[in-house]
Amino acid sequence: MKQQFFFILQGYSEKQYPKMVRTRFAPSPTGQLHIGGARTALFNWLFAKHHKGRFVLRIEDTDRERSRDEYTQGILDGLAWLGIVHDEGPFFQSARMELYKEHALRLLQEGHAYKCYCTTQELEEKRKRALKEGQKPAYDRTCREKTIEDPDKPHVIRFKTPLSGTVAFHDLVRGEISFQCDELDDLVILRTDQTPTYNFTVVVDDALMGITHIIRGDDHINNTPRQILMYEALKFAVPRFAHVPLIHGKDRARLSKRHGATSLLEYREEGFLPEALMNYLARLGWAHGDDEIFSKEELIEKFDLPNVGRSPAIFDMDKLLWLNDHYMKTLPVEVVAERLAPFITAQSRTAPDRAKLIQIIRNLLGRAKTLKEMAQMAGFFFGEEIEYETSAKAKFLTQAARPILEQFLKDFQELPSLDEASQRALIESIARDHGKKLVDIVQPIRVALSGKAVSPGIFEVIGILGKDLVKKRIERAISLIS
RNA sequence: GGUCCCAUCGUCUAGUGGCCUAGGACACCGGCCUCUCACGUCGGUAACACGAGUUCGACUCUCGUUGGGACCA
């Protein structure tokens with residue numbers, strides 16, 4: 001493992017880059033931070049931390065039309081929630097426009113780029129003609145060798161892609177990848193309105209920010225050869241690339257909105273723990289032997305690129321739920337209470353007493369897999385009035401149950417203690433008196449107290465509710481039997 | 001359509017030529033536990049896409065086929 005790392009570093013000119021690993025996450029603020037983006041950020045962050053390097057955050061907001069401040073904020077919130085902390089930034093591309101222009105002009109002066117005066121209509125016609133003739137719809141390089149310049153005429157600046165040869169690179173997760181230059185066309189780097197294009201800003205920024213390892217989704221593989229060519233033309237050291245497979249939905253297509261919750265913050269709202277999500281995301285496309293559970297510290301210690309898989313992974317909600325359940329059970333109960341409280345407040349309009357909440361959590365662990373679900377299950381512990389599930393009420397709050405509830409109400413109030421042993425003795429004696437099984441006694445009581453046919457253990461429920469509430473609810477239930 | 005990438009249980013994956021009658025985890029099924037539902041626990045079903053090579057030996061290497069995906073249009 002160590003040897004490989006040194007090999008990686010050999011690619012750098014020491015003058016240009018320090019030996020330190022530098023990675024970045026560079027989202028566009030044109031939408032919510034989604035699961036795939038979050039995993040890319042995680043991999044970059046883990047890789048940097050693992051190698052004692054630095055992680056840079058850059059916001060690619062050159063598309064003024066679609067970029068929104070609220071999305072930038074969402075990205076920041078999402079990363080913070082997960083526990084991914086950037087060492088530098090956030091840097092905004094919108095504040096660096098002069099820089100891109102400067103470098104584009106430099107390429108122009110040095111003969112690596114040229115002005116193209118072709119109009120949109122001309123290009124469109126050429127494209128259609130090429131397609132009709134079965135040719136590739138690439139730009140035909142009409143302006144590439146033009147010597148006459150007309151500064152007043154609108155133009156774009158195109159990069160001069162070599163006409164022949166190959167661009168090859170060693171991808172840190174895929175191995176050797178190569179492209180023929182003649183497959184690439186002369187891409188626009190500066191538009192008519194002087195704004196730079198994506199492939200150009202990425203190169204300028206990554207180079208200027210000293211990024212040593214570019215870890216990104218494999219939807220960018222096709223961009224890589226053009227970018228390498230631009231690094232070389234700009235005389236920048238070429239960084240190492242690692243293309244990680246995309247996350248897919250159940251239909252094996254790239255994860256998108258129609259697959260359900262894709263925004264990271266939706267998972268927070270749904271009651272997932274950041275520990276669980278980080279663990280899950282890390283294991284999606286990466287493995288460390290047979291291990292499944294990783295704390296943040298263990299991930300930093302163990303994560304590395306050679307163990308990243310090459311094939312796309314399908315997002316599996318069941319496994320995420322399992323991990324969430326695991327972390328709810330293993331995190332200190334005080335921490336769970338802290339995180340659960342807002343959900344309780346939102347659903348029961350009650351700010352719960354901390355000691356009572358912890359007692360409730362202990363009884364709900366294993367039953368609820370998310371904080372939200374737990375809050376829903378805990379609802380009946382709060383407030384005077386409870387709602388009865390229709391089916392539970394119809395099945396258990398019947399005429400047959402009336403005498404049972406009445407006897408329970410009477411005997412229960414005389415109980416000296418609410419410990420399990422005395423409660424059990426009481427219910428067993430009622431069962432004997434009525435010639436019924438324990439379950440036939442417990443279920444009506446459960447429904448009377450919780451409104452549901454399913455709840456935590458009845459003795460715990462009674463213990464947490466306390467004598468007063470139990471009395472009120474049993475009385476109310478009896479009054480509801482028609 | 002062109003370019004590029006990918007291919008082990010339903011899913012995430014271990015596996016780097018003999019350790020593989022292919023391991024773990026989630027999900028699923030069954031037993032136990034039990035006041036309900038879960039948890040827990042024990043056990044079970046389930047995969048190397050296909051075809052040629054290379055090799056004494058291929059899940060592992062090469063090529064092809066098929067299938068899937070991404071990007072561009």
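## Contacts with RNA strand B

A polar contact is a pair of N or O atoms within 3.5 Å. In this predicted model, Lys329 provides an example: one of its polar side-chain atoms is 2.9 Å from a sugar or linking oxygen of RNA strand B. Gly366 uses its backbone instead, with a polar backbone atom 2.2 Å from a sugar or linking oxygen of the strand. Glu292 reaches a base, since a polar atom of its side chain lies 2.8 Å from a base nitrogen of RNA strand B.

Several elements give two or more residues to the surface near RNA strand B. The helices are H5 (120-132), H11 (317-330), H18 (438-450) and H19 (458-480), and the strands are S7 (175-180) and S12 (313-314). Helix H18 gives the most, with 5 residues.

## Make-up of the RNA surface

There are 48 residues around RNA strand B, and those that come nearest are Arg127, Arg174, Arg252, Gly285 and Gly366. On the RNA side, sugar and phosphate make up 76% of the atoms that come within 4 Å of the protein.

How do the residues of this surface divide into nonpolar, polar and charged? The surface near RNA strand B has 20 nonpolar residues, 10 polar residues and 18 charged residues.

## The surroundings of Thr161

Thr161 sits in the loop between strand S5 (156-159) and strand S6 (166-171). Is Thr161 buried or exposed? Its relative accessibility is 2%, so Thr161 counts as buried, the cut-off for buried being under 20%.

A polar atom of the Thr161 side chain lies 3.0 Å from the backbone oxygen of Asp185. Asp185 is also one of the residues in contact with Thr161 when neighbours within four places in sequence are left aside. The others are Arg141, Arg144, Cys181, Leu184, Asp186 and Leu229.

## Cysteines and disulfides

A disulfide is a covalent bond that joins the sulfur atoms of two cysteines. How many disulfides does the model have? To count as one, a pair of cysteine sulfur atoms must be within 2.5 Å, and by this rule the count is 0. For Cys116, the nearest cysteine sulfur belongs to Cys118 and is 3.8 Å away, and Cys116 is in no disulfide.

Both of these cysteines count as buried. Cys116 does so because its relative accessibility is 1%, and Cys118 because its relative accessibility is 13%.

Technical notes:
Residues numbered from 1 in each chain as written. Chains lettered and ligands numbered in written order. Predicted model: local features only at pLDDT ≥ 70, side-chain atom pairs only at ≥ 80, totals over all residues. Heavy atoms only, no water. Buried < 20%, exposed > 50% of the residue type's maximum accessible area, 1.4 Å probe, protein only. Helix = DSSP H or I, 4+ residues; strand = E, 2+ residues; numbered from the N terminus. Polar contact = N/O pair within 3.5 Å; in protein donor to acceptor, adjacent residues only side chain to side chain. Contact = heavy atoms within 4.5 Å. Near = heavy atom within 4 Å. Nonpolar A, V, L, I, M, F, W, Y, C, P; charged D, E, K, R; others polar.
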